[in-house]
Amino acid sequence: MNAIELSHVSTAKPVLLGDSLTELEVMRDVSLSVPEGEILALIGPSGSGKSTLLRMINRMEDPTSGRIFLFGSDIANLDVKELRRRVGMVSQTPALLPGDVADNIAYGPNLRGEPCNPGDYLEHVGLERELLRRPASALSVGQQQRMCIARALANHPDVLLLDEPTSALDRTASRNIVELILRLNEKLGLTVIIVTHVMEHAQALATRVAMLVGGSLIEQGPAVDFFESPATETGRKFLRGELAEDGR
Ligand SMILES: Nc1ncnc2c1ncn2[C@@H]1O[C@H](COP(=O)(O)OP(=O)(O)OP(=O)(O)O)[C@@H](O)[C@H]1O
Ligand SMILES: [Mg+2]
């Protein structure tokens with residue numbers, strides 16, 4: 001069963017050109033599937049649409065055409081709150097809510113009036129329970145990234161979307177996050193889509209790879225195949241670090 005499936009998804013965003021507002025197509029006819037329990041690394045140059053794709057999966061943005069399915073259900077027909085409970089998102093810069101770490105982690109269950117023991121999730125992501133009463137803003141960026149993962153986990157998601165969760169971290173902290181993701185995938189059977197520009201991480205984590213260039217999907221398949229021999233010259237250039245942002 002596919003946890004996530006995109007079918008011919010396109011989207012446009014408004015841009016100001018001189019005095020007039022026009023729509024710029026930022027994603028073009030993307031079809032992509034992520035089987036349950038797999039880890040997909042979503043890669044591509046800056047501005048290629050990786051964050052946009054993640055944001056469409058939990059309806060922070062809607063496609064202009066095409067459909068997105070969560071375990072076979074069109075997400076356009078799902079209740080947005082329930083969709084966001086099932087599809088946890090950790091954004092490119094840690095999103096902090098007011099209050100302490102415990103309030104941040106229990107945010108979803110509190111909204112729904114469900115019980116939650118924030119300390120359990122803190123342990124899950126390898127943070128000390130003594131951080132629970134600290135303001136979220138007083139954590140290091142690495143701790144904030146982990147807290148955001150704990151917040152997503154407190155909702156018991158089926159899918160976790162991670163947008164460059166290691167971009168602000170040093171090598172040790174990054175390595176810890178990579179290991180955490182592998183553990184969550186293995187222990188909880190979580191399906192994961194991770195955006196990363198660190199190929200070492202993509203290689204350590206991913207069972208599948210999808211590569212976007214200029215809003216088009218140019219590679220999709222098993223990670224071992226991609227890292228051994230990309231199907232396209234653009235993919236080969238990207239792996240060698242020779243691809244410019246415009247995809248040439
Ligand atoms: N709010 C917005 N309004 C207009 N255009 C936008 C907006 N957000 C993103 N874009 C454009 O959409 C395209 C895709 O952006 P997106 O943030 O998805 O790229 P990305 O692959 O995540 O890049 P990065 O690796 O730098 O995070 C880019 O051309 C970007 O300039
Ligand atoms: Mg991005």
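C116 sits in the loop that links α4 (107-112) and α5 (118-124). In this predicted model, the residue counts as partly exposed because 17 other C-beta atoms lie within 10 Å, a number that falls between the cut-offs of 20 or more for buried and 12 or fewer for exposed. Leaving aside residues up to four places away in sequence, C116 is in contact with A106, P109, N110 and A154. A154 deserves a second look: it is 38 residues from C116 along the chain, yet the two C-alpha atoms are 7.3 Å apart in space.

Attention now turns to the sheet. Strands of a sheet pair through backbone hydrogen bonds, in either a parallel or an antiparallel sense. Here, four strands form an open sheet in the order β2-β1-β4-β5, and the pairing is antiparallel. The edge positions belong to β2 (20-35) and β5 (73-74); each has a single partner strand, so one side of each lacks a neighbour in the sheet. Twelve bridges join β1 (residues 2-17) to β2 in the antiparallel sense. Within this pair, L16 stands opposite L21 of β2.

Finally, there is the ligand to consider. Ligand 1 is surrounded by K13, V15, V26, G44, S46, G47, S48, G49, K50, S51 and T52. Two elements, β1 and α1 (50-57), each give two or more residues to this shell. The largest share comes from α1, with three residues. By character, the shell is made up of seven polar, two charged and two nonpolar residues. Strand β1 thus appears twice in this account, as a partner of β2 in the sheet and as a contributor to the shell around ligand 1.

Definitions and conventions: Residues numbered from 1 in each chain as written. Chains lettered and ligands numbered in written order. Predicted model: local features only at pLDDT ≥ 70, side-chain atom pairs only at ≥ 80, totals over all residues. Pairing = 2+ DSSP bridges. Contact = placed C-beta atoms within 7 Å. Near = placed C-beta within 6 Å. Nonpolar A, V, L, I, M, F, W, Y, C, P; charged D, E, K, R; others polar.
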